[in-house]
Amino acid sequence: MLKALIFDVDGTLAETERDGHRIAFNQAFSSVNLDWYWSVDFYGQLLEIAGGKERIKYYIFHYKPNFIYPKDYDNLDQFIAYLHQTKTKYYTQLLTDQPIALRPGIKRLINEAKRDNIRLAIATTAAYPNAIALLKNSLDPEAISWFEIIAAGDIVAKKKPAPDIYLYVLEKMKLLPEECLVFEDSHQGLISATKAGLKTIITVNNYTKNQDFTGAFSVLNHLGEKDQPFSVLSGKKFKGKYLNLKMLLEN
Ligand code: XBP
Ligand code: MG
């Protein structure tokens with residue numbers, strides 16, 4: 001029996017990567033006079049590495065191997081942590097100044113779940129303040145209280161595709177995997193949820209549409225709305241114009 005919906009954040013609730021996180025990373029680089037710039041296409045490759053700090057570290061190792069961190073830091077990780085904190089400030093500011101729209105059907109489905117006492121949770125690789133900023137600015141100023149658990153960033157040692165973040169949510173909510181349904185947008189997210197034994201619906205976006213979603217319960221272009229019908233790309237062939245809670249409770 002379905003008791004809870006667990007949502008990924010970036011790419012699933014909203015298209016935050018290209019016009020949010022990417023911009024903020026570039027702003028953080030400029031702020032410390034680094035000439036690093038992540039273009040829209042290049043950022044797509046970097047998304048293979050989940051987590052902002054991990055992504056910066058990967059970039060340095062692979063693209064800037066001769067980089068020497070400024071001498072006011074004890075080590076590279078400390079400098080990356082500072083850079084990432086700066087990025088978080090830019091990102092949360094950006095979401096406050098110009099909120100990024102939620103993807104079709106997200107607000108509707110979350111409201112349906114609230115109405116029917118289906119429990120809600122968030123499982124994201126992004127830093128906690130970033131997840132909060134999106135929920136507050138794009139969903140509802142009170143939205144944080146709608147989610148029983150907002151599991152984010154460094155709360156677990158291993159980020160997606162490791163299952164840790166989903167296992168954490170299950171443990172905290174005292175739920176069994178078969179009582180939950182996950183919403184993800186990426187291969188990494190699908191692997192993470194699947195390893196935790198969770199059934200997953202994928203809503204693809206431009207960065208993830210060509211990824212491998214073998215094993216997903218259903219793969220959609222988005223959740224759909226009355227005036228914006230969704231398409232099923234593979235897996236469970238949901239009927240109708242939009243995915244609603246009733247359809248999820250029947251499956
Ligand atoms: C997406 C991520 C994050 C964001 C950047 O996570 O991998 O790293 O790209 O956010 P999800 P941070 O799809 O699981 O929400 O810089 O805060 O990590
Ligand atoms: Mg995602």
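Me: What makes an atom a donor to a metal here?
Reply: Donors are N, O and S atoms within 2.8 Å of the metal. Keep in mind that this is a predicted model.

Me: Why are Asp8, Asp10 and Asp185 called donors of the magnesium ion (ligand 2)?
Reply: Asp8 (OD), Asp10 (O) and Asp185 (OD) lie 2.2 Å from the magnesium ion (ligand 2). The cut-off is 2.8 Å, so these O atoms count as donors. Along the sequence, the donor residues follow the spacing D-x1-D-x174-D. Asp8 sits in the loop between strand E1 (4-7) and helix H1 (16-31), while Asp185 sits in the loop between E4 and H8, 177 residues apart. This pair links distant parts of the chain.

Me: What makes Asp8 and Asp185 buried?
Reply: Both residues are classed as buried. That means under 20% relative accessible area.

Me: How do you know that strand E4 (residues 180-184) and E5 pair?
Reply: Pairing takes at least two bridges. E4 and E5 have 4 bridges, in the parallel sense, so they pair. Val182 stands opposite Thr200 in E5. The chain gets from E4 to E5 through helix H8 (residues 187-195), in a right-handed β-α-β crossover.

Me: Why is E5 said to pair with strand E6 (residues 218-220)?
Reply: The reasoning is similar: 3 bridges join them, and at least two are needed, so E5 and E6 pair. These strands run parallel, and Thr203 stands opposite Leu220 in E6.

Me: Why is strand E5 (residues 199-203) called mostly covered?
Reply: Of its 5 residues, 4 are buried.

Key
Residues are numbered from 1 along each chain as its sequence is written. Chains are lettered from A and ligands numbered from 1 in the order in which they are written. This is a predicted model: local features need pLDDT of at least 70, side-chain atom pairs count only at pLDDT 80 or more; totals for chains, interfaces and linings use all residues. Side-chain values use heavy atoms; hydrogens and water are left out. Buried means under 20% relative accessible area, exposed over 50%, partly exposed in between (1.4 Å probe, protein chains only). A crossover is right-handed if, with the strands pointing away from the viewer, the path from the first strand over the helix to the second runs clockwise. Donors are N, O and S atoms within 2.8 Å of the metal (3.2 Å for Na, K and Ca); water is not among the atoms, so sites may look incomplete.
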